[in-house]
Amino acid sequence: MNAGRSLRWASVRDVATQVAEDAASVDAVLRETNEAATRLNGLNAFVRFDGEQVRQDAGRLPPQGSLGGVVLAHKDMFYRKGQVTTCGSRIFANSVADTTATVLRRFDAAGALDVGTLHMAEFALNMRGNRH
């Protein structure tokens, strides 16, 4: 990553490499993420955004794993134990997961930082009827 270049435009590989080589801090990555999420909030992109909490928690531990320091936000269809997962439906508005999805466990093990969940079409169904 070039000096002065925004972390938000870097690839996942570049961010992980820069954090591993101490060329970028997890705090800087999360600060940029929080700023971008604030700008995107007007688009109603997030169901849940925990960027500031993740930033506080991440400051206590050094980044580890192949995705150490990489920020993750995912569709609101992947369960995380203890958190509400709606799958984009009002039916599950109060559904608290009792397990964590395999994909999220793998991202966690690789050191990714989960900052929240993103709005999606109900049950990931495409209601537009697009044809391929």
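**Figure 1. I91 and its nonpolar surface patch.** In this predicted model, I91 sits in the loop between strand 2 and helix 4. (Helices are DSSP runs of H or I with at least four residues, strands are runs of E with at least two, and both are numbered from the N terminus.) I91 counts as exposed because its relative accessibility is 65%. (Buried means under 20% relative accessible area, exposed means over 50%, and partly exposed lies in between, using a 1.4 Å probe and protein chains only.) Together with F123 and L125, I91 forms a nonpolar patch on the surface, with about 310 Å² of accessible area in total. (Patch members have over 30% relative accessible area and no salt bridge; like charges are joined within 9 Å, and nonpolar side chains, namely Val, Leu, Ile, Met, Phe, Trp and Tyr, within 5 Å. Accessible areas come from the Shrake-Rupley method with a 1.4 Å probe, and for residues only the protein chains shown count as cover.)

**Figure 2. Strand 3 and its partners.** How many of the residues of strand 3 are buried? Strand 3 covers residues 113-118, and 5 of its 6 residues are buried. Strand 1 (residues 46-49) pairs with strand 3 in the antiparallel sense over 3 bridges, and F49 has G116 as its bridge partner there. Strand 2 (residues 71-75) pairs with strand 3 in the parallel sense over 5 bridges; here H74 is matched with T117. (Two strands pair if DSSP finds at least two bridges between them.) With helix 4 (residues 102-109), strands 2 and 3 make a right-handed β-α-β unit. (Right-handed means that, with the strands pointing away from the viewer, the path from the first strand over the helix to the second runs clockwise.)

**Figure 3. The two sides of helix 1.** Look for V15, A16, Q18 and V19, which are buried in helix 1 (residues 12-20). Seen down the helix axis, the buried residues fall within an arc of 165°, so they line one face of helix 1. (The arc is that of the directions from the helix axis to the C-beta atoms.) The face turned away from this buried side carries the exposed residues R13 and A20. A16 also has a neighbour from elsewhere in the chain: A112 is 96 residues away in sequence, yet the C-alpha atoms are 9.1 Å apart. A112 lies in the loop between helix 4 and strand 3, and A112 counts as buried because its relative accessible area is 10%.

**Figure 4. Salt bridges across the chain.** The whole structure holds 6 salt bridges. (A salt bridge is a side-chain nitrogen of Lys or Arg within 4 Å of a carboxyl oxygen of Asp or Glu.) In one of them, D27 meets R55 at 2.6 Å, N to O. This pair links distant parts of the chain, with D27 in helix 2 (residues 26-40) and R55 in helix 3 (residues 51-58). D27, R31, E52 and R55 are linked in a network of salt bridges. R80 and D114 form another salt bridge, with the closest N and O atoms 2.9 Å apart. R80 is in the loop between strand 2 and helix 4, while D114 is in strand 3, and both residues are buried.

**Notes for all figures.** Residues are numbered from 1 along each chain as its sequence is written, and side-chain values use heavy atoms, leaving out hydrogens and water. Because the model is predicted, local features need pLDDT of at least 70 and side-chain atom pairs count only at pLDDT 80 or more, while totals for chains, interfaces and linings use all residues.
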